[in-house]
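Work through the exercises below with the sequence and coordinates open. Each task is followed by a stepwise solution.

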Amino acid sequence: MPTTIIAGNWKMNTTRQEARALVEQMRDALDAVEGVTTLLCPPFVHLETVADLLRGTSVALGAQNMHPESSGAFTGEVSPDMLRGLCEYVILGHSERRELFGETDEFVNAKVRAALAAGLRPILCVGERLEQREGGEADAVVERQVGVGLEGVEDASALVVAYEPVWAIGTGRAATPDVAQSMMATIRGALAARFGADAAGEAPLLYGGSVNLGNVEEYARQPDVNGALVGGASLDAEAFTKIVQLAARHS
Ligand code: PGA
C-alpha cells in the first residue's frame, strides 16, 4: 500500500511572521497523527524557518518549484542543490506554473529528473483544463502529462503524482470522488505500463483541487487516492489539522 500523504501547498502566501505562527499553531497536533505523512510546502524564503520549527517532529517539508539546472545564470531561480538537505519533497509542474509561467511537459520532465538525481521526492502535478474535460480529452491530456513528465525516469520509488484538475483548483468546485478515482486509475495504469504493476501500486497518488475538511474523507475512501494536495485550506491551521486527522482514519 502506498503511504498516505497530505501536503499543504501554501502558494505565494504568508509573511515570515505568519509562516512561523501557522507552523506553531499546528505543529504538535500534526506530529501526533499516525499513519499519514504530513507535508508543508511554504514559499522558498520560509523553508529554513519552517525546517527549524519542524525539527524533531514527523512533519515533512517540501518546496513548491525548482529549476532543473544545479547552478548558473538563471536569475530568480532555485536549484536542486539548494533544496537538497533543506527539504525532502518538491512540487513540480503545478498547473499555476504551467498556465501562468508557460512550463511545458518537457521542462517539467527535466525538473523531475533533476529532483530525483538530487535525492528529492518530486510531486508531479497533472490535470486537465475545463474545456479539455468537456471535450472528452481529460484522460489523454493527463496520460500525456504523466508520460512526458516521466520520460527517462527508471525508478518510481521516490515519485508522488498529484492529480489536480485545473477547474477544481481554488474554485470550490472539487472533482467528485468518482472523477478523482477514475483519473487515478488512469494514472496508475500509465505508471504500470512504464514501471510495472508492483512499482505503480506503491506510488502515492494525491488528489488536489478544493479539498477541505468536508470532502477529504470521500477522497480518502477511494482505492486509488492516497492523499491530498491542499491549497487554500492548508493556510488555516485548524482546518488543515482536521484534514490530516480525517485522512488518517482511512489510511
Ligand atoms: P486549492 O489548491 O486546495 O486551493 O484548490 C490546490 C492546489 O493548487 O494545490
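**Exercise 1.** Which residues does Gln132 touch, not counting residues up to four places away in sequence?

*Solution.* The model is predicted: local features need pLDDT of at least 70, side-chain atom pairs count only at pLDDT 80 or more, and totals for chains, interfaces and linings use all residues. Residues are numbered from 1 along each chain as its sequence is written, and side-chain values use heavy atoms, with hydrogens and water left out.

Step 1. Locate the residue: Gln132 sits in helix α6 (residues 130–134). Helices (H or I, at least four residues) and strands (E, at least two) are DSSP runs, numbered from the N terminus.

Step 2. Apply the contact cut-off, heavy atoms within 4.5 Å. With residues up to four places away in sequence left out, Gln132 touches Glu137, Ala138 and Val141.

Step 3. Classify the exposure. Gln132 counts as buried because its relative accessibility is 14%; buried means under 20% relative accessible area, exposed over 50%, and partly exposed in between (1.4 Å probe, protein chains only).

**Exercise 2.** Compare the span of α7 with the expected value, and list its buried residues and what covers them.

*Solution.* Step 1. The expected span of a helix is 1.5 Å times one less than its number of residues. The twelve residues of α7 should therefore span 16 Å, and the end C-alpha atoms are 16 Å apart, in agreement.

Step 2. The buried residues of α7 are Ala138, Val141, Val142, Gln145, Val146, Val148 and Gly149.

Step 3. Their cover includes α4, α5, β5, α6, β6 (160–163) and α8 (177–195).

**Exercise 3.** Do the same for α5, then describe what follows this helix.

*Solution.* Step 1. Helix α5 (residues 105–117) has 13 residues and reaches 18 Å from its first C-alpha to its last, close to the 18 Å expected.

Step 2. Asp105, Val108, Asn109, Lys111, Val112, Ala114 and Ala115 are the buried residues of α5. An α-helix has 3.6 residues a turn, so residues three or four places apart point the same way.

Step 3. The elements covering the buried residues of α5 include α3 (80–83), β4 (89–92), α4 (95–101), β5 (121–126) and α7 (138–149).

Step 4. Just after α5, Gly119 takes a positive phi of about 80 degrees.

**Exercise 4.** Is Glu103 buried or exposed, and with which side chain does the side chain of Glu103 make a polar contact?

*Solution.* Step 1. Glu103 belongs to the loop between α4 and α5. Glu103 is buried because its relative accessible area is 7%.

Step 2. The side chain of Glu103 makes a polar contact with the side chain of Lys111 at 2.9 Å. A polar contact is a pair of N or O atoms within 3.5 Å; within protein, one must be able to donate a hydrogen and the other to accept it, and residues adjacent in sequence count only if both atoms are side-chain atoms.

Step 3. Not counting residues up to four places away in sequence, Glu103 touches Asn65, Gly93, Arg97, Arg98, Val108 and Lys111.

**Exercise 5.** How many residues surround the ligand?

*Solution.* Step 1. The ligand is surrounded by 13 residues, the closest being Lys11, His94, Glu164, Gly170 and Ser210; the criterion is a heavy atom within 4 Å.

Step 2. A ligand oxygen atom is 2.7 Å from an N or O atom in the side chain of Lys11, and for the side chain of His94 the distance from a ligand oxygen atom to an N or O atom is 2.7 Å. A ligand oxygen atom is also 2.8 Å from a polar backbone atom of Gly231.

Step 3. Taken alone the ligand exposes 280 Å², of which the protein buries 94%; the areas come from the Shrake-Rupley method with a 1.4 Å probe, and for residues only the protein chains shown count as cover.
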